[in-house]
Amino acid sequence: MTAVVLPKFSKISHKADGFAEQIRQAADTLAITVSDAQIVQILRYLDGLLLWGKAYNLTAITDPDEALIKHIFDCMAIVPDVPFADCRDIRVLDIGTGAGLPSVILAILRPDWQVDALDSNSKKIRFIRQIASEIGLTNITPIASRIEHHHANEPKAYDVITSRAFASLVDFVNLATPCLADTGVLYAMKGKVPTADEQAGLENWQIDIKKIQVPKLFDDRCVVYLKK
């Protein structure tokens, strides 16, 4: 296996070769196909995340190894289970995307999908716009807005709406539903499996919960599917 030809980095230069191999191994573990170009995109995104993390308040994690696992691998782990994984030309909305997690990783690994990255924090959206331009990511649209204001522009527009560590399932459902297509799926990334109390008020939704294993991470992780 030939090594990935890597550019220069600001924060991960001494770790880049090892990180490239770890990303390839994580992809193999998750049964994800990843090209050398996609590995470079992921590494450049991670480098930018760490470089601008403090200035843009992107992440509290400053250690590159920790960021690789808790941010990159954590988002890679959901890719095989995202609804409509076998379909092309899917529209995805990531609510409260922050620094682009999971929206940027989804856009990199699914170049056949259109991903809208939504967050009310304009500084974080500027970061996503800049890093997407730098790494040549053309299928992501950063949007600085609250979800309540986005409803009017994109009613029932999305096949999949994602969230990562959103405050509550009920809030996520209430805020996301106006933008969800009639046949669409809400897809929430969570730590521990939501309790019955946390699912209260969602009796009109079909709820499926699947535990996922993030490579090299031993914390609990699950995804919650919600269909009308």
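Here are two short exercises on a predicted model, each with a worked solution.

**Exercise 1: a pair of helices**

Work out how helix 1 and helix 3 are arranged, and which residues make their contact.

*Solution.*

Step 1. Start by finding the two helices: helix 1 covers residues 16–30, and helix 3 covers residues 64–76.

Step 2. Now look at their axes, which come within 11 Å of each other and cross at roughly 30 degrees. Angles under 35 degrees count as roughly parallel, so helix 1 is roughly parallel to helix 3.

Step 3. Check the hand of the crossing: for helix 1 and helix 3 it's right-handed.

Step 4. Pick out the residues that touch. Helix 1 brings Phe19, Gln22, Ile23, Ala26, Ala27 and Leu30, while helix 3 brings Pro64, Asp65, Leu68, Phe73 and Met76.

Step 5. Sort the residues of this contact by class, and you get nine nonpolar, one polar and one charged.

**Exercise 2: the largest pocket**

Describe the largest pocket: what is its volume, and which residues are closest to its centre?

*Solution.*

Step 1. Take the volume, which is about 330 Å³ for the largest pocket.

Step 2. Go to the lining, made of 21 residues; Lys70, His71, Asp74, Arg164 and Ala165 are the closest to the centre of the pocket.

Step 3. See which elements contribute. Helix 3 and strand 5 (180–190) each give at least two lining residues, and helix 3 has the largest share, with three residues.

Step 4. Finish with the classes: the lining of the largest pocket holds eight nonpolar, six polar and seven charged residues.

Note on methods
Residues numbered from 1 in each chain as written. Predicted model: local features only at pLDDT ≥ 70, side-chain atom pairs only at ≥ 80, totals over all residues. Heavy atoms only, no water. Axes fitted to C-alpha atoms, helices over the stretch in contact; angles between N-to-C directions. Helix = DSSP H or I, 4+ residues; strand = E, 2+ residues; numbered from the N terminus. Parallel < 35°, antiparallel > 145°, perpendicular 65-115°, else oblique. Left-handed = near helix turned anticlockwise from the far one by under 90°. Contact = heavy atoms within 4.5 Å. Nonpolar A, V, L, I, M, F, W, Y, C, P; charged D, E, K, R; others polar. 1 Å grid on protein atoms, 1.4 Å probe; cavity = no way out; pocket = protein on both sides within 12 Å on 5 of 7 lines; lining within 4 Å. Points joined across faces, edges and corners; volume = space filled by probe spheres on them.
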